[in-house]
Amino acid sequence: AMKKTIVSGGMLQGFIHNTYTANKEGVMSTGNASRKSFKGLPNIEITNLYIEPGIRQGSQLTADRQAHTETEKGKDLIKSVSRGLLILEAMGVHTANPVSGDFSIGISGLWIEGGKITYPVKEAIMSGNILELFKRIEGVGHDLRFYGKIGTPSLLIGQMDISA
C-alpha cells in the first residue's frame, strides 16, 4: 500500500487509476481496482480516502504532526462558532451534480449559539457548490473518523445557505 495524494494545498496533485485507465493515460497504475462481484470487470475504486487532520494556516491546510498542540479538536471548533449548525446527518448527498458540483441536501444537527450547543435541528436544507464549500473551510479538527472507506476530521465551514 502506498500513500497517494490527490489534492494538496488546494491543487490537484494526481488521479487514482487501475491498469486499464493507467495504460490509457500512459501512466503507472495506482492499484485502485475493485470488482462489485466475481462476474464484473474491475472498476476504479477508492480505499481509505481521507482529509488529513490538521490546521488552517493562511490559505493552506496542513497536516503537520508536530502541530498537535495547535490543532483544534472537534469540540474546540464548536467553541469558536458564534452562530451555526453542527451537522450530524446529511441526506441525498448522492444527488449532487457531478459536473457542476451544485448540491441541495437534507441535513439534521445541533444549533450552536455563542460556542454552545443549544437545540436540535431537523429537516433543514443546505445548498451550494462543493468547490465553494471546500474554499470556505476555516478550521480542521484533529479527530479523524472513518465512515466506510472515507474519513474526515471535523470541518469548520464558513457561511453556507441553510433553510429550516
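**Entry 1: the four-stranded sheet**

I began with strands E8 and E9 (residues 102-113), and in this predicted model I found them running antiparallel and joined by eight bridges. To fix the register for myself I looked up Leu 85, whose bridge partner in E9 is Trp 111.

I then followed E9 to its other neighbour, E10, and noted that eleven bridges join these two strands, which again run antiparallel. Within this pairing Ser 104 stands opposite Ser 127 in E10. At the hairpin of E9 and E10 I counted two residues between the strands, and I wrote down that Gly 114 takes a positive phi near 60 degrees there.

Next I turned to strand E10 (residues 116-129) and its pairing with E15, which is antiparallel and extends over three bridges. Ser 127 comes up here once more, since it stands opposite Asp 161 in E15.

Putting the strands in order, I recorded an open antiparallel sheet that reads E8-E9-E10-E15. Strand E8 (83-91) and strand E15 (161-163) each have a single partner strand, so I marked them as the edges, where one side of each is left without a neighbour in the sheet. From one strand to the next the twist averages 45 degrees.

**Entry 2: the three-stranded sheet**

I also looked up an open sheet of three strands, in the order E5-E13-E12, and its pairing is mixed. The edge strands, each pairing on one side only, are strand E5 (49-50) and strand E12 (145-147). For E5 and strand E13 (residues 150-152) I noted two bridges in the parallel sense, and in this pairing Leu 49 stands opposite Ile 150 in E13.

**Entry 3: Asn 32**

Is Asn 32 buried or exposed? I found the residue in the loop between helix H1 (19-25) and strand E3 (33-34), and because its relative accessibility is 4%, below the 20% limit, Asn 32 counts as buried. Leaving aside residues up to four places away in sequence, I listed what Asn 32 touches: Lys 4, Ile 16, His 17, Asn 18, Asn 43, Ile 44, Glu 45, Ile 46 and Thr 47.

**Entry 4: the second largest pocket**

Last, I looked at the second largest pocket, which has a volume of about 170 Å³. Its lining is made up of Val 93, His 94, Ala 96, Asn 97, Pro 98, Val 99, Ser 100, Gly 101 and Ile 130. How many of the lining residues are nonpolar, polar or charged? I noted five nonpolar and four polar residues, with no charged residue in the lining.

Key:
Residues are numbered from 1 along each chain as its sequence is written. This is a predicted model: local features need pLDDT of at least 70, side-chain atom pairs count only at pLDDT 80 or more; totals for chains, interfaces and linings use all residues. Side-chain values use heavy atoms; hydrogens and water are left out. Two strands pair if DSSP finds at least two bridges between them. On a 1 Å grid over the protein atoms alone, a cavity is a set of points where a 1.4 Å probe fits but cannot get out, and a pocket is an open set with protein on both sides within 12 Å along at least five of seven lines; lining residues have an atom within 4 Å of a point. Grid points are joined across faces, edges and corners, and a volume is the space filled by probe spheres set on the points. Ala, Val, Leu, Ile, Met, Phe, Trp, Tyr, Cys and Pro count as nonpolar, Asp, Glu, Lys and Arg as charged, and the others, Gly among them, as polar. Buried means under 20% relative accessible area, exposed over 50%, partly exposed in between (1.4 Å probe, protein chains only). Contact means heavy atoms within 4.5 Å. Axes are lines fitted to C-alpha atoms, for helices over the stretch in contact, and angles run from 0 to 180 degrees between N-to-C directions.
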